[in-house]
Every structure is written in C-alpha cells, then in structure tokens.
Amino acid sequence: MRVIVFGADGYLGWPTSLHLSARGHDVIAADNLIRRRWDVLCGTESLVPIASMKRRVERWKALTGREIKWEKLDLTSLADTTALITQYQLEAVVHFAEQRSAPYSMISAQHAVETQVNNVVGTLNLLFALRESAPDCHLVKLGTMGEYGTPNIDIEEGFIDIEHNGRKDRLPFPKQPGSFYHLSKVHDSHNIMFTCRVWGIRATDLNQGVVYGTGIPETDMHGQLRTRFDYDDIWGTVLNRFCSQAAIGYPLTVYGEGGQTRGFLDIRDTVRCVELAMLNAPERGEFRVFNQFTEQFSVRELAERIKAARAHHGLETSIEHLPNPRTELEAHYYNAKHQHLLDLGLVPHKLEDSLIDRVIGLVERYKKRIRPELFVPRVDWRRGGTGDFGKPSARRRRVAVAPGIR
Ligand code: NAD
Ligand code: USQ
C-alpha cells in the first residue's frame, strides 16, 4: 500500500515507517520536526542519540535498498497538507503528528492552547485534505486510552449500548480525559467521527495505551536507525522512566499511591497494530475505534515488577511515593476491552521480565547521558509550571542531532 506516516520523526512514527517499509509498503515519512524543538525548550533530550531524518532514510536505503521518501511538513498548514495528499495516490495515512505530552499541555495557558491548536487544527486540515484530494484513503489516527479516563464501569471499544427511558442506542463511550492533551484527542475523535458521517471519510481511531520499549528489529539494525527514548518528566512514559531510574540506582518515582491503572503495550506491538488496521480498512463512512493495548497494570505493580526483575540479578531497587503532581484517581476500578486488534491477528508481546531486562540493558549503554534532575516532576496539574526550564545550554541546543551518529 502507499501510505504517508505523519509524525515520522517521533518515538513511534519512525519505527512504524521502517516496519511498513520492510514489509513492502511504499512509505512517505512526514514531520515538521517540532518535537526536536520542544526538547530544546523543555531542557529534555532523547536518552538514545537519534540521527536526522535525512540520515535515517539514507541509512535505511543503504542497508535494505528500500526507499522511504522524507517530506518536511507542518500539518497545521492546510495548503501544504493538501498539496502533499494530492501529490501521491494514497491508500492510507497514519497520523501520529501531535503534541503528545500530558504534562506539557498542563504547564500554562500558552502550552494548553499550543497543544490543542496543533493537534485539533492538524487533524482538521488532514480531514479536509482527504475530502478534497483522497476521499477513498483510510485515515489511521492515533488516539489514546486516556480519552476514556477511569470510569467505574468496563471500558468498551469506542461505543456503548445504552438503554434510556425504554429506548436503546449505541453511542460514543463517555469521555473523561485527564489533561488538556488528552482532551485534544477527544476533540479529534469527535471531528473524525463527524466527517465519516457527513463526508464519508473512512477512519480508524486507535485508542492506544502507554507504550514502552526501546525499538523494533529494524531500529536495532544500525545506530542511525534507532528511535528516541524519553525518560524525563515531560515526555518520558512511566515504564521507560522506571527502567532509566533503575539503571542508575535512582528510586522509582511512583506518583501518589500508585494504584493508577492503565493499558500498556510494547512498541513492537504498536507498529503491528497500525499495520493490521491499515491492511483491514473500514467501509467508506465508517468510523472504527480499536483499543490498542495488550495488558493493564497499576503503576505500583510496574514498579514492583522492575524491582523483582532486578532482584533476580542480585540488584537492589527502591521505590519512592512522590506527592502526585497530577489530579487523577489513585485507586480505582479499571477493565478495558481490547479485542478488535486480537481478532485481526495481533499476537501480543507480554511484559515479561526479559523485556524489562532488555530495556534496562539499552539504558545501561547510554546511562552516562541520564540527567537525574529530569526525574523530578516539574509540572503540577493544579498550579501548572512556569514553562521556564532555563536558558538552553549549548549542549542542550546540540541535542537535536547527536554528533556521534551524524
Ligand atoms: P513523539 O512526540 O515522539 O512524536 C510525534 C511527532 O509528531 C514528532 O516527531 C513531532 O515533530 C511531530 N509533530 C507534532 N506536531 C506536528 C505537526 N503539526 N506537523 C507535523 N509533525 C508534527 O510522540 P510519540 O510517542 O511517537 O507518539 C505518537 C502519537 O501516538 C501521538 O499522537 C501520541 O498522542 C500517540 N500515543 C503515544 C503513546 C506513547 O506512549 N508514546 C501512547 C498513546 C498514544
Ligand atoms: N506516573 C508515575 N510516575 C512517573 C510517571 C508517571 O507514577 O514517574 C504515572 C502517572 O501519574 C500516570 C501514569 O503513570 O498515572 C501514566 O503516566 P505516563 O506519563 O506514562 O502516561 P500519560 O501521561 O498518560 O501519557 C502517555 C503518552 C501519551 C499517551 C498516553 C496513553 O505520553 O501520549 O496518550 O500515555 S494513556 O495513558 O493510555 O492515555
């Protein structure tokens, strides 16, 4: 299939581009590289050095003979997005290209607005471009399990059958998101569903859980093919953070009681889920929702698992409960369905101790680059943050592309 991957420079977009290319799809990789700029502004950087997009696609071609076409593109430009969609005969577009950090979106009014404008406008532009130039093309959009929040009932896949005053309907599952970022995904979902109904767009909303892992076999092929790995308070997701903390003997930072339960998946399953969704397109006008995760854990359980995995090798790990910087339930019911992708053939990688070992192993290689101050949460849901993370040092300005792997 011919597909554009938007957000192709990111943690998930880059491995997905490689995965699809390796399986014979014709991949166009698009990104405006804004994430590298956000890193500089937040004083954060990928633990694993990442090459420029130009170098990445050159290296991929040199190793495999396969071509990924690199396009620098900002989705918030309607003209550029429409021009790109018009240029190719597309069967699918995969949309990862959003500001995806909940803490970032909670820093200040400016950060909340930036997040929602970037995400909602980008998705709207893509929808209009599809209507104009590729009405048959399948939109595979990355949403989030966080759209649902943590209701006291089972979470269904997108829709719930409701009986009210003697009448029945199948309605979108109620949304109780936990940050301005998560809210942006809810707004996207509504806009996509609307355009499926009104214009006949075909779309799959992948409500993805928290991703962990260092990469996929294709990113392991060469240093220049590696994907980013975030461990800081703004971009680092919880398991990747815990593995990084463990690697340098820093106490695992469980926020509050640690009973917060979420759906999780291995990055190797992310790329497979996207491919499965892509290969099995919905009908014109159909809006599908898949819950994209494979296992659910509480934050406390994750910390205990890491502790146990390390104890197996005779290593000690301590766990610290920090005052929770977020407003979220710390003890709650959680049971989310996730059957659709299994029905399409997903064979999940489970979070076994070996995986934790693998992540810790990679972190070990780069642990000199870890800055422990980035383990401390700087953004509070109630008070926000100043957004002033200090003047970027020369080193921080250099991080976008690490010199060693240019
Ligand atoms: P990331 O920040 O590593 O990558 C996102 C990419 O999108 C970046 O390279 C950025 O430059 C690009 N981008 C942002 N706005 C853009 C715009 N306007 N135009 C063009 N490019 C733009 O994030 P990620 O972890 O790879 O996440 C990718 C997607 O998956 C996001 O939509 C996120 O919400 C979703 N998701 C991620 C996780 C996770 O655990 N990482 C979990 C659930 C859902
Ligand atoms: N947490 C800790 N300690 C930490 C970091 C996080 O206890 O050091 C807790 C948080 O309080 C939260 C849970 O771990 O309860 C998950 O936090 P996270 O930062 O790993 O994930 P989140 O902010 O929800 O966002 C991430 C991605 C986002 C994606 C989302 C999927 O950044 O793009 O949408 O996971 S989901 O959580 O299903 O909404």
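Which residue's side chain does a polar contact of 2.8 Å join to the side chain of R228? In this predicted model, the partner is D230, whose side chain is joined to that of R228 by a polar contact of 2.8 Å. A further polar contact, of 2.5 Å, joins the side chains of R228 and D39, and R228 itself is placed in the loop between β9 and α8. Because its relative accessibility is 2%, and buried residues are those under 20%, R228 counts as buried. Another charged residue with a side-chain contact is E71, which is found in strand β3, spanning residues 68-72. The side chains of E71 and K69 are joined by a polar contact of 3.5 Å, and E71, at 15% relative accessibility, likewise counts as buried.

The surroundings of ligand 1 comprise 29 residues, of which D31, R100, N118, Y181 and K185 come nearest. Several polar approaches can be described at the level of atoms. An N or O atom in the side chain of D31 is 2.6 Å from an oxygen atom of ligand 1, while a polar side-chain atom of K185 lies 2.8 Å from an oxygen atom of the ligand. On the side of the ligand's nitrogen, a polar side-chain atom of N118 lies 2.8 Å from a nitrogen atom of ligand 1. Taken alone, ligand 1 exposes 820 Å², and the protein buries 98% of that area. The elements that contribute two or more residues to the shell are α2 (34-42), β5 (138-144), α7 (180-199) and β9 (210-212). By class, the shell around ligand 1 divides into twelve nonpolar, nine polar and eight charged residues.

Ligand 2 is surrounded by 23 residues, and the closest of these are T144, Y181, V238, T253 and E328. Y181 is thus named among the closest residues for ligand 2 and also among the nearest for ligand 1. An oxygen atom of ligand 2 is 2.6 Å from an N or O atom in the side chain of T144, whereas the approach of G146 involves the backbone, a polar atom of which is 2.8 Å from an oxygen atom of the ligand. For R262, the distance between an N or O atom of the side chain and an oxygen atom of ligand 2 is 3.4 Å. On its own, ligand 2 has 730 Å² of accessible area, of which the protein covers 95%. At least two residues of the shell are supplied by each of α7, α8 (238-247) and β10 (252-255); α7 also gives two or more residues to the shell around ligand 1. The shell around ligand 2 has nine nonpolar, nine polar and five charged residues.

Strand pairing was examined for β6 and β7. Strand β6, residues 159-164, and strand β7, residues 167-172, pair in the antiparallel sense over six bridges. Within this arrangement, E163 stands opposite K168 in β7. The hairpin of β6 and β7 has two residues between the strands, and N165 takes a positive phi near 50 degrees there.

Aromatic contacts were considered over the whole structure, where a search finds nine aromatic pairs. One of these pairs is formed by F128 and W199, whose rings are edge-to-face, with 4.8 Å centre to centre and 70 degrees between the planes. As F128 lies in helix α6 (residues 109-133) and W199 in helix α7, the pair ties together parts that are 71 residues apart in sequence. F128 is partly exposed, with a relative accessible area of 35%, and W199, at 22% relative accessibility, also counts as partly exposed. An edge-to-face pair is also formed by F159 and F287, at 6.3 Å centre to centre and with 80 degrees between the planes. F159 lies in strand β6 and F287 in strand β12 (residues 287-292), so this pair ties together parts that are 128 residues apart in sequence. Both F159 and F287 are buried. In addition, ring pairs link W38, Y104 and W235 into a cluster.

Notes:
Residues are numbered from 1 along each chain as its sequence is written. Chains are lettered from A and ligands numbered from 1 in the order in which they are written. Side-chain values use heavy atoms; hydrogens and water are left out. A residue is near a molecule or strand if one of its heavy atoms lies within 4 Å of it. A polar contact is a pair of N or O atoms within 3.5 Å; within protein, one must be able to donate a hydrogen and the other to accept it, and residues adjacent in sequence count only if both atoms are side-chain atoms. Accessible areas come from the Shrake-Rupley method with a 1.4 Å probe; for residues, only the protein chains shown count as cover. Helices (H or I, at least four residues) and strands (E, at least two) are DSSP runs, numbered from the N terminus. Ala, Val, Leu, Ile, Met, Phe, Trp, Tyr, Cys and Pro count as nonpolar, Asp, Glu, Lys and Arg as charged, and the others, Gly among them, as polar. Two strands pair if DSSP finds at least two bridges between them. Rings of Phe, Tyr and Trp (its six-membered ring) pair if their centres lie within 6.5 Å; planes under 30 degrees apart count as stacked, over 60 as edge-to-face and the rest as tilted. Buried means under 20% relative accessible area, exposed over 50%, partly exposed in between (1.4 Å probe, protein chains only).
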